[in-house]
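Visitor: Please show me the model, and then explain the words used to describe it.

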Amino acid sequence: MSDLHSPGTALSVNNVTKTFRIHQERASSLKQYLASGGRNRYEEFVALRDVSFDVSEGEAVGIIGHNGSGKSTLLKCMAKILTPNEGHIDVNKKMAALLELGAGFHQELSGRDNVFLNASILGMGRKEIATRFDEIVEFSGLGDFIESPVKTYSSGMYVRLAFAVAINVDPELLLIDEILAVGDVTFQKKCMEKFVDFREEGRTLVLVTHDLASVRNFCDRAVWLEHGRLVDEGSPADLVDRYTESMLADPEAAKTVEG
């Protein structure tokens with residue numbers, strides 16, 4: 001792992017461990033609570049265990065692994081939505097994240113109002129948002145729906161608006177979860193073209209996806225997680241092949257990927 005302060009490091013993941021408490025049963029009465037000694041029973045689930053790697057400036061990194069391997073948890077830690085129990089993540093670039101459908105949107109507000117709300121959360125000033133508003137709406141393709149409450153939007157409309165806002169805050173580092181999979185084919189193509197533009201401009205992308213072809217063809221490097229641990233990192237073609245072989249050798253894991 002490279003020195004945090006060395007030039008060319010956009011993001012550094014350092015010995016990150018993240019755990020969650022899964023409660024088995026909660027006391028339903030005061031009597032049960034006192035009988036348990038005032039404690040609710042729980043198990044500790046380790047979502048990430050001692051994960052470390054760096055992402056260089058201008059690099060496109062794909063994070064692969066079956067469902068439950070810790071990919072989305074890792075991305076949320078990178079985005080500062082979750083805090084690791086151990087270790088730390090250092091972000092050295094202006095970041096935007098597309099992690100959950102409609103995150104940061106207010107259901108009762110119109111698309112227009114949510115553009116201003118979401119963009120301000122991502123650090124843009126009102127004047128700058130107003131200057132870029134037409135460009136955001138044009139990219140989203142929502143047209144007159146921009147004046148409708150977002151609670152009336154389909155999942156695809158959510159994604160299109162969220163992505164249009166995120167790319168227009170001019171992030172130097174963009175984190176993307178599987179949410180683009182809900183968009184239509186035309187919009188996905190539009191997004192991939194934007195990703196190519198980002199790479200040519202020297203921006204950094206971190207992508208979580210089950211689309212192994214995208215990782216193989218688009219990414220510079222891949223990171224493979226398995227049960228919260230870093231299996232390996234390196235050439236996308238090599239890791240995708242090895243990951244695919246492991247899935248074929250374990251039919252139950254392969255079902256997890258598809259499910």
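Guide: This is a predicted model. A place to begin is helix H3, residues 111-121, where H4 and H5 are among the elements that cover the buried residues.

Visitor: Which residues of H3 are the buried ones?

Guide: They are Gly-111, Asn-114, Val-115, Phe-116, Asn-118 and Ala-119. Buried means a relative accessible area under 20%. After H3 comes Gly-123, which has a positive phi near 105°.

Visitor: What makes H4 oblique to H5?

Guide: Helix H4, residues 126-140, packs against helix H5, residues 155-167, at an angle of about 140°, and their axes are 8 Å apart. Roughly antiparallel would need an angle over 145 degrees, and roughly perpendicular covers 65 to 115. The angle of about 140° fits neither class, so H4 is oblique to H5. The crossing of H4 past H5 is right-handed.

Visitor: Which residues make the contact of H4 with H5?

Guide: From H4 come Ile-136, Phe-139 and Ser-140. On the H5 side they meet Arg-160, Leu-161, Phe-163, Ala-164, Val-165 and Ile-167. By class, this contact has seven nonpolar residues, one polar and one charged.

Visitor: Why is H5 called roughly parallel to H6?

Guide: The axes of H5 and helix H6, residues 185-200, cross at roughly 15° and come within 12 Å. Angles under 35 degrees count as roughly parallel, so H5 is roughly parallel to H6. Their crossing is left-handed.

Visitor: Which residues of H5 and H6 make that contact?

Guide: H5 contributes Val-159, Arg-160, Phe-163 and Ile-167, while H6 contributes Phe-187, Cys-191, Lys-194, Phe-195 and Phe-198. Seven of the residues in the contact of H5 with H6 are nonpolar, none is polar and two are charged. Arg-160, Phe-163 and Ile-167 of H5 also appear in the contact with H4.

Visitor: Turning to the sheet, what makes S5 and S9 its edge strands?

Guide: The sheet is open and has six strands in the order S5-S6-S7-S3-S8-S9, with mixed pairing. S5 and strand S9, 229-234, each pair on one side only, and these are the edge strands. On average, neighbouring strands in this sheet are turned by 15° against each other, direction ignored.

Visitor: How do you know that S5 and S6 pair?

Guide: Two bridges are the minimum for a pair. Strand S5, residues 95-98, is joined to S6 by four bridges, and the two run parallel. One bridge partner of S5 in S6 is Leu-174, which faces Ala-96.

Visitor: How many bridges link S7 to S6, and how many link S7 to S3?

Guide: S6 and strand S7, residues 204-208, have four bridges in the parallel sense. Strand S3, residues 60-64, also pairs with S7 over four bridges, in the parallel sense. Leu-207 of S7 stands opposite Ile-176, and Leu-207 is also the bridge partner of Gly-62.

Visitor: Which way do the side chains of S6 point?

Guide: In S6, residues 173-176, Leu-173 and Leu-175 point one way, Leu-174 and Ile-176 point the other way, and all are buried. In a regular strand, side chains alternate between the two faces of the sheet.

Visitor: What lies across this sheet, and at what angle to S3?

Guide: Helix H2, residues 71-78, lies across S3, S5, S6, S7 and strand S8, 221-226, and runs at about 140° to S3.

Visitor: Why does Thr-17 count as buried?

Guide: Thr-17, in strand S1, residues 9-25, has a relative accessibility of 12%. The limit for buried is under 20%, so Thr-17 counts as buried. Beyond its neighbours within four places in sequence, Thr-17 is in contact with Val-46, Leu-48, Arg-49, Asp-50, Pro-84, Asn-85 and Glu-86.

Visitor: Are Asp-50 and Lys-80 buried, exposed or in between, and why?

Guide: Partly exposed lies between under 20% and over 50%. Asp-50 has a relative accessible area of 47%, so Asp-50 is partly exposed. Lys-80, at 48%, therefore counts as partly exposed too. Asp-50 lies in strand S2, residues 41-56, and Lys-80 in the loop between H2 and strand S4, 86-91. Neither is a glycine, yet phi is positive at about 55° for Asp-50 and about 70° for Lys-80.

Terms used
Residues numbered from 1 in each chain as written. Predicted model: local features only at pLDDT ≥ 70, side-chain atom pairs only at ≥ 80, totals over all residues. Heavy atoms only, no water. Axes fitted to C-alpha atoms, helices over the stretch in contact; angles between N-to-C directions. Left-handed = near helix turned anticlockwise from the far one by under 90°. Contact = heavy atoms within 4.5 Å. Nonpolar A, V, L, I, M, F, W, Y, C, P; charged D, E, K, R; others polar. Buried < 20%, exposed > 50% of the residue type's maximum accessible area, 1.4 Å probe, protein only.
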